[in-house]
Amino acid sequence: MPSSERYAAGDRIRREVLGDAHVNSMLSDWPPAKPLLDLITEYPWGSVWAREGLDRRMRSLVNLALLTALNRPEELRLNVHGALRNGCSVEEMAEVALQCAAYAGAPAGIALMKAIHEVHETHEVREAHDT
């Protein structure tokens, strides 16, 4: 059973970073996934993202580096979207891609740069449509 305060904070932050549409669609209608979704909401989002030690922009940039190094392309695209929502610039994310290329290999850096490009174009189209 999740801690209600951490879970509530995690749900709020997760929705602010990733958007309601993603949170509502991510396996939420499949009962076997509920324990995993509760864990994700309470632990990384409610316990880690809720801390004051790093702001959301920095946490997003750290996530991009980690997901790049771990070769998690689906999560990488989602987190590029979240980074844009958290106010990270394309230039900052491109610097993370360069750093990843130096430490995790050129293919990893290229993968992040491609994800930034794809998500940024979609993000701009969505913003233009919303205005």
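Start by colouring the charged side chains: the protein has 14 positive and 19 negative charges, and their mean positions are 5 Å apart. In this count Lys and Arg are positive and Asp and Glu are negative, while His and the chain ends are left out. Each charge is placed at NZ of Lys, CZ of Arg, CG of Asp or CD of Glu.

A word on what you are looking at: this is a predicted model, in which local features need pLDDT of at least 70 and side-chain atom pairs count only at pLDDT 80 or more, whereas totals for chains, interfaces and linings use all residues. Residues are numbered from 1 along each chain as its sequence is written, and side-chain values use heavy atoms, with hydrogens and water left out.

**The whole chain**

Now switch to a cartoon view. You will find 7 helices and 0 strands, in the order α-α-α-α-α-α-α along the sequence. Helices (H or I, at least four residues) and strands (E, at least two) are DSSP runs, numbered from the N terminus.

Zoom out to take in the overall form. The C-alpha atoms fill a box of roughly 40 × 35 × 30 Å along the principal axes. The radius of gyration is 15 Å, which agrees with the value near 14 Å for a compact globule of 131 residues. That radius is taken over C-alpha atoms, and the globule rule is 2.2 Å times the number of residues to the power 0.38.

Next, turn on the surface. About 8,200 Å² is exposed, and carbon and sulfur atoms supply 58% of it; the areas come from the Shrake-Rupley method with a 1.4 Å probe. Buried residues make up 33% of the 131 residues. Here buried means under 20% relative accessible area, exposed over 50%, and partly exposed in between (1.4 Å probe, protein chains only).

If you display contacts (heavy atoms within 4.5 Å), look for the long-range ones: among contacts with a separation of 6 or more, 65% join residues 24 or more positions apart.

**The cysteines**

Select Cys 88 and Cys 100. How many disulfides does the whole structure hold? A search finds 0, a disulfide being a pair of cysteine sulfur atoms within 2.5 Å. For Cys 88, the nearest cysteine sulfur is that of Cys 100, 13 Å away, which is too far for a bond. Cys 88 is buried, at 5% relative accessible area, and Cys 100 is buried too, at 6%.

**Two loop residues**

Move to Leu 27, in the loop between helix H2 (20–25) and helix H3 (34–48). Its phi is positive, near 55°, and the residue is partly exposed at 40% relative accessible area.

Then select Asn 71, in the loop between helix H4 (56–69) and helix H5 (73–85). Asn 71 is not a glycine, yet has a positive phi of about 55°. Its relative accessibility is 58%, so Asn 71 counts as exposed. For background, most residues other than glycine have a negative phi.

**Two helix residues**

Click on Arg 12 in helix H1 (residues 4–18). Arg 12 is partly exposed, with 44% relative accessible area. Draw a C-alpha to C-alpha distance from Arg 12 to Met 113: these residues are 101 apart in sequence and 29 Å apart in space.

Finish at His 117 in helix H7 (residues 106–130). His 117 counts as partly exposed, at 48% relative accessibility. Add Val 80 to the selection: the two residues are 37 apart along the chain, and their C-alpha atoms are separated by 9.5 Å.
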